[in-house]
Amino acid sequence: MGRTLAEKVWDAHVVRRVDGEPDLLYIDLHLVHEVTSPQAFEALRLAGRPVRRPDLTLATEDHNVPTTNTLAPIADPISAAQVETLRKNCAEFGVRLYPMNDPGQGIVHVVGPQLGLSQPGMTIVCGDSHTSTHGAFGALAFGIGTSQVEHVLATQTLPQRRPKTMAVTVEGDLPAGVTAKDLILAIIARIGTGGGAGHIIEYRGAAVRGLSMEGRMTVCNMSIEAGARAGMIAPDDTTFEYLAGRAHAATGPAWDEAVAYWRTLASDDDAVFDREVVIDAASLTPYVTWGTNPGQAAPLGSRIPAPADYADPAARASVERALAYMGLTAGVPLSEVAVDTVFIGSCTNGRISDLRAAADVLRGRRVADGVRALVVPGSMQVKAEAEAEGLDEVFRAAGAQWRSAGCSMCLGMNPDTLRPGERSASTSNRNFEGRQGPGGRTHLVSPAVAAATAVTGRLTAPAQL
Amino acid sequence: MEAFTIHTGRAVPLRRSDVDTDQIIPSEWLKRIERTGFGAGLFSEWRADEGFVFNNPAYAGASILVAGPDFGTGSSREHAVWALQDYGFRAVISPRFADIFRGNALGNGLLPVQLPAETVEALQTAAEQDPTVEITVDLAAREVRGAGLVAPFELDDFTRWRLMEGLDDVGLTLRHEELITGFETTRPAWLPSVA
Ligand code: SF4
């Protein structure tokens with residue numbers, strides 16, 4: 001019987017397989033950041049263990065870093081101590097680090113791909129659930145907890161049970177104005193926040209093939225919001241073109257050898273998935289979330305749902321709670337929801353094409369009065385690219401704030417937060433209660449919708465401007 | 001890691017689904033570089049609401065959390081497990097757990113017990129009606145008992161053995177170091193290195 005992409009990558013990394021035990025998987029790349037690593041390094045120190053493969057381990061500072069005044073010391077002493085701890089740990093254990101203000105610094109899931117470190121067929125882990133992003137390359141990439149970070153640092157392996165496989169096939173082409181973000185929000189709305197639990201999702205079909213690498217990263221990034229262990233897309237010419245010439249990609253005969261191998265990774269025609277879902281791309285429109293989990297999303301052209309629309313009592317209670325938290329009334333058109341903050345950035349939508357999409361909407365327009373718009377590039381390299389293209393000028397001219405690279409308002413560990421009751425249109429990935437600041441209310445949107453929303457002050461698709 | 005064989009304690013009913021790790025331990029708590037002291041941050045946003053079940057003194061000292069489906073979704077933060085343990089929980093019962101949370105819990109000896117939704121509801125109702133009711137989570141027998149019911153749960157033999165022995169994964173894996181070294185010699189040369 002044929003194998004799926006996920007099974008092929010898995011099988012190629014099994015160090016030890018014994019009946020009844022988890023497989024021991026080799027890890028090709030371990031990405032590290034300041035938040036989930038201090039306790040792992042501390043455990044190594046206590047056990048007197050070294051980092052087994054510093055050459056396969058890369059650290060960056062992203063979650064805590066301020067995005068203004070980055071040359072000044074970090075004002076929050078606890079954030080500063082955490083960043084300092086990472087620096088000390090990396091120095092002590094010989095791990096390469098991209099610190100604040102380094103041209104290589106950025107959000108961990110933006111840094112790996114831009115360096116060409118995230119490649120097809122690899123196993124990639126990080127103490128961060130959005131590690132699924134790197135699956136866009138046909139890598140098996142998943143988030144791990146701090147004990148597992150310690151495990152990978154010490155052994156470069158991880159004991160894992162093989163998840164089930166799930167195919168999400170998106171047939172047809174995405175209509176104009178519908179982006180990768182809209183697609184993944186629609187997928188999560190369809191299968192639910194637990195819909196992918198215990199599974200590795202493989203995204204397939206014409207609409208997925210038609211996405212750029214950055215669009216694919218947006219889709220795979222949010223696999224975790226559907227509960228999936230990982231998300232993957234089979235590598236193809238789009239993937240190879242993106243990788244060719246990047247800093248850590250092979251060259252010459254080694255490159256040819258790699259590409260030849262990568263071409264064998266696609267799921268076999270007779271491979272069987274444990275679950276399959278088919279989505280019709282042509283039916284999609286821009287999507288936004290209205291609730292407090294990423295599955296609570298709907299077309300921007302629709303109305304806020306009512307608890308009574310849900311038959312299941314648990315779902316009804318959850319909708320009721322979400323509407324109360326969000327301060328929304330059932331039946332109101334989503335396009336009438338007013339926001340005071342717009343956040344463009346994060347590992348979901350902080351790449352150059354995302355910033356271009358937002359700039360295209362904002363060029364020659366103004367951010368509405370009373371709306372605070374933040375544009376936060378995903379990495380220093382994205383920042384430099386955007387500035388070389390003059391995008392920073394477009395944002396500033398429109399009245400938006402142009403920031404330095406980091407996670408920023410995606411989770412509000414740095415000073416960029418929502419105040420209680422504030423409402424944002426955000427290109428990030430989580431609309432959980434308080435995610436962007438205690439009492440803050442988040443609507444997840446695409447970069448184009450975020451930009452159009454900044455202009456009107458209400459949830460708006462660019463086509464409506 | 002503390003071994004887990006059998007535990008008897010009182011239960012807190014948490015009638016919410018999709019309890020994400022941002023709620024279990026909000027991000028402001030993630031700046032700490034220690035592994036301890038997270039109990040004070042457990043559900044800190046929700047605890048600001050007087051009516052929240054954790055503020056009911058009748059449940060003080062309870063050691064089993066009985067929650068709705070899809071518990072522990074979202075962020076991979078292991079701090080969520082540390083917070084639950086630091087607060088005094090030994091086991092969480094839910095109809096379904098998010099994968100990363102479940103792995104983190106098992107790695108720390110906090111037992112995630114998956115039971116059918118009706119059983120979880122029955123346990124929640126029992127704990128609501130009588131907060132003093134005791135529930136036993138028996139890992140040896142893979143069974144939850146109490147509130148007039150006996151419910152078997154599944155956990156594979158290997159994981160169960162590891163929990164009952166209180167073994168940590170790093171030590172187990174390092175027993176196979178020669179296999180890891182052997183595997184490393186077979187890795188293709190085109191694979192990237194950070195160096
Ligand atoms: S941008 Fe947001 S989701 Fe992505 S790594 Fe940073 S905090 Fe996590």
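A polar contact is a pair of N or O atoms within 3.5 Å; within protein, one atom must be able to donate a hydrogen and the other to accept it. In this predicted model, the side chains of Ser426(A) and Ser428(A) are joined by such a contact, at 2.6 Å. A second polar contact, of 3.3 Å, links the side chain of Ser426(A) to that of Gln436(A).

Ser426(A) belongs to strand S18 of chain A, which spans residues 423-426. Its relative accessible area is 0%. Buried means under 20% relative accessible area, so Ser426(A) counts as buried. Beyond its neighbours within four places in sequence, Ser426(A) is in contact with Lys181(A), Phe343(A), Gln436(A), Thr442(A), His443(A), Leu444(A) and Val445(A). Gln436(A) thus appears both among these contacts and as a polar partner of the Ser426(A) side chain.

Phe343(A) ties Ser426(A) to a neighbouring strand. In S18(A), the bridge partner of Phe343(A) is Ser426(A). S15(A) and S18(A) run parallel and share 3 bridges. Strand S15 of chain A covers residues 341-344. S15(A) also pairs in parallel with strand S16 of chain A (residues 372-375), through 4 bridges. There, Phe343(A) has Leu374(A) as its bridge partner. Phe343(A) therefore has bridge partners in S16(A) and in S18(A). Strands of a sheet pair through backbone hydrogen bonds, either parallel or antiparallel. Along S15(A), Thr341(A) and Phe343(A) point one way, while Val342(A) and Ile344(A) point the other way. All four of these residues are buried.

Phe343(A) also touches a cysteine. Cys407(A) sits in the loop between strand S17 (401-402) and S18 of chain A. With neighbours within four places in sequence set aside, the contacts of Cys407(A) are Asp62(A), His63(A), Ile107(A) and Phe343(A). The C-alpha atoms of Cys407(A) and Pro66(A) are 9.0 Å apart, although 341 residues separate the two along the chain. Cys407(A) has a relative accessibility of 8% and counts as buried.

The cysteines form no disulfides: a search of the whole structure finds 0 over all chains. For Cys90(A), the nearest cysteine sulfur is that of Cys126(A), 12 Å away. A disulfide requires sulfur atoms within 2.5 Å, so Cys90(A) is in no disulfide. Cys90(A) is buried, at 3% relative accessible area.

Elsewhere in chain A, an open sheet of 3 antiparallel strands has the order S1-S2-S8. Strands S1 (14-16) and S8 (157-160) are its edges, each pairing on one side only. From one strand to the next, the twist averages 40 degrees. Strand S2 (residues 23-26) pairs with S8(A) in the antiparallel sense over 4 bridges. Within this pairing, Leu25(A) stands opposite Leu158(A) of S8(A). Helix H5 of chain A (residues 146-155) packs on the sheet and touches S2 and S8 of chain A. The direction of H5 makes about 130 degrees with that of S8(A). Chain B contributes a helix as well: H8 (residues 177-184) packs on the sheet and touches S1, S2 and S8 of chain A. The direction of this chain B helix makes about 150 degrees with that of S1(A).

The two chains meet over an interface in which 52 residues of chain B are in contact with 76 residues of chain A. About 5,200 Å² is buried between the chains, with carbon and sulfur atoms giving 57% of that area. On the chain B side, Lys31(B), Trp190(B) and Val194(B) supply 17% of the area that chain B buries against chain A, more than any other three residues.

Key:
Residues numbered from 1 in each chain as written. Chains lettered and ligands numbered in written order. Predicted model: local features only at pLDDT ≥ 70, side-chain atom pairs only at ≥ 80, totals over all residues. Heavy atoms only, no water. Pairing = 2+ DSSP bridges. Helix = DSSP H or I, 4+ residues; strand = E, 2+ residues; numbered from the N terminus. Axes fitted to C-alpha atoms, helices over the stretch in contact; angles between N-to-C directions. Contact = heavy atoms within 4.5 Å. Buried < 20%, exposed > 50% of the residue type's maximum accessible area, 1.4 Å probe, protein only. Buried area = accessible area lost by both parts, 1.4 Å probe.
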